[in-house]
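Me: I would like to go through this structure with you, one topic at a time. Could we start at the surface?

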Amino acid sequence: MQTKKIGKLVVPAIGQGAGGNDKCDDIHRIGIIRLGIELGMTLIDTAEVYQDGHSEEVVGKAISGLREKVIISTKVSPEHGDAVGIKKAFEGSLRRLGVDYIDIYQLHWPSPLIPIEETMEALFKLKEEGKVMHVGVSNFSLEKFKEAERAIKGKIESNQLEYNLVERGIEEDFLSYSEENDILVLAYNPSLKPIKNRLILENIGKKYNKTTAQVVLNWLASHKTVVPIPKTLNFDHLKENAAAFDFKMAEDDFKEIQNVFQPKIVEVDPSKIRVLSSKNEPVYTTLEEALKNNANLKPSPVELAKEIVEGGILKPVRVKVSDDAGGWYEYDLIQGRVRYWAWIIAYGKDRPIKVCIYE
Ligand SMILES: NC(=O)c1ccc[n+]([C@@H]2O[C@H](COP(=O)([O-])OP(=O)(O)OC[C@H]3O[C@@H](n4cnc5c(N)ncnc54)[C@H](OP(=O)(O)O)[C@@H]3O)[C@@H](O)[C@H]2O)c1
């Protein structure tokens, strides 16, 4: 497997995501992670919040006896971001993972409630104690990242962000900063593909005898600091992902992908967006529900609204053109349900909201 050296980190060109709320059995998931390690995908990403800690337990079983071969990337939830909370959360992660140090320990997303200085200090204390090798963050805009940097003396070495052919916001925000300052970008949700123009990816793939999934992963990792961390439960997909880096994409192909898949980001009237309930996760379909936050989502829509008002940059929510033919709604919300309600709480339905149209 090709490796990348980014600052002090030496990482494989691709890692493995172990998040998600799948109901698959542990033996299968452990088998996937182990084969992934054998194939060189030695960076494994998890978080204390995934499946209430069970994801870390599964990763722990999968890496048993292989500790020195793997790079463990895990995350502390922002509500545990105070000095006492981090210590406790960290010990919980160590226990579930069955290890005595973490390679990359990240704050999962910015906290609207706990000062970043306190969180960073606690994370860097773990680094000073030799229990964490690299301190990172996740879902930090460039502005937030710089704020975190100002809060500490040490270097924040990674930022985990969504990056795929549909969500390319980091190209205008964090990507060039990461390249200038040698900061690792762990790209989550890398497998999401646009609906339109897939034939272009297929045709590029044919030139290199690669699948579209491999073309997309290769394109993402062509960016100097980016390491995609796809998650799969399928052994064939796992092998496919591992084999996405043994070719160098020609400049023309790279540019064609760059140009064709421009995200469509527009501002729309929030009341034209329909929020549908979901079988897989709690979704608030009314403002009243969002204000009550009975599902205890963190950050809550109210907390996030506070951050939005204070100037936090909001990633566009993702919508698709609604099938509410002839009805009131123009779009259906498909990602960013807390952000949507936070926006409404912050500004009511009168201020247009930024959306990325999935097409
Ligand atoms: N920091 C954060 O806030 C955050 C947020 C989300 C995710 N993450 C991390 O990022 C990891 C990955 O993100 P994700 O799960 O959202 O997105 P993802 O890996 O892009 O998407 C997972 C989906 O892609 C499919 N897939 C993977 N490889 C494929 C291939 N070669 N061909 C076809 N389909 C393929 C999987 O299906 P099959 O199982 O059928 O292959 C699965 O349905 C997570 O596990 C987690 O560790 C972090």
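Me: Is L291 buried, exposed or partly exposed?
Reply: L291 counts as partly exposed, because its relative accessibility is 46%, and the class in between runs from 20% to 50%. Please keep in mind that this is a predicted model.

Me: Where does L291 sit, and which patch does it help to make?
Reply: L291 lies in helix α11, which covers residues 287-292. Together with L287 and V302, L291 makes a nonpolar surface patch of about 230 Å².

Me: And W219, buried or exposed?
Reply: W219 counts as buried because its relative accessibility is 0%. The residue belongs to helix α8, residues 212-221. In space, the C-alpha atoms of W219 and D253 are 9.1 Å apart, while the two residues are 34 apart in sequence.

Me: New topic: the ligand. Which residues come nearest?
Reply: There are 24 residues around the ligand, and D45, S191, K231, T232 and H237 come nearest.

Me: What kinds of residues form that shell?
Reply: The shell has twelve polar, eight nonpolar and four charged residues. Helix α9, residues 235-242, gives the most to it, with three residues.

Me: Which atoms of H237, K231 and N139 face oxygen atoms of the ligand, and at what distance?
Reply: For H237, a polar side-chain atom lies 2.5 Å from a ligand oxygen. For K231, a polar backbone atom is 2.6 Å from an oxygen atom of the ligand. For N139, an N or O atom of the side chain is 2.9 Å from a ligand oxygen.

Me: How much of the ligand does the protein cover?
Reply: On its own, the ligand has 890 Å² of accessible area, and the protein covers 73% of that.

Me: Let us move to the backbone. What is unusual to look for in general?
Reply: Most peptide bonds are trans, and most residues other than glycine have a negative phi. Here, a cis peptide bond joins K298 and P299, with omega about -5°. P299 is found in the loop between α11 and α12.

Me: Which residues have a positive phi without being glycine?
Reply: Q51 is one of them, with a phi of about 50°, and its place is in the loop between β4 and α2. N189 is another, with phi near 55°, and it sits in the loop between β9 and α7. N189 counts as partly exposed because its relative accessibility is 33%.

Me: How many salt bridges are there?
Reply: A search of the whole structure finds 22. One of them joins K298 to E79, with the closest N and O atoms 4.0 Å apart.

Me: Why does that pair tie together separate parts of the chain?
Reply: K298 lies in the loop between α11 and α12, whereas E79 lies in the loop between β5 and α3, so the pair ties together parts that are 219 residues apart in sequence. K298 is partly exposed at 40% relative accessibility, and E79 is partly exposed at 32%.

Me: What about E162 and R318, buried or exposed?
Reply: Both are buried. Their salt bridge has its closest N and O atoms 2.6 Å apart. The pair links distant parts of the chain, since E162 is in strand β8 and R318 in strand β13, 156 residues apart.

Me: Which residues are linked in a network of salt bridges?
Reply: The network links R274, K320, D323 and D332.

Notes
Residues numbered from 1 in each chain as written. Predicted model: local features only at pLDDT ≥ 70, side-chain atom pairs only at ≥ 80, totals over all residues. Heavy atoms only, no water. Near = heavy atom within 4 Å. Polar contact = N/O pair within 3.5 Å; in protein donor to acceptor, adjacent residues only side chain to side chain. Areas by Shrake-Rupley, 256 points an atom, 1.4 Å probe, with all protein chains shown as cover. Helix = DSSP H or I, 4+ residues; strand = E, 2+ residues; numbered from the N terminus. Nonpolar A, V, L, I, M, F, W, Y, C, P; charged D, E, K, R; others polar. Patch = residues over 30% accessible without salt bridge, like charges linked within 9 Å, V, L, I, M, F, W, Y side chains within 5 Å. Salt bridge = Lys/Arg side-chain N within 4 Å of Asp/Glu carboxyl O. Buried < 20%, exposed > 50% of the residue type's maximum accessible area, 1.4 Å probe, protein only.
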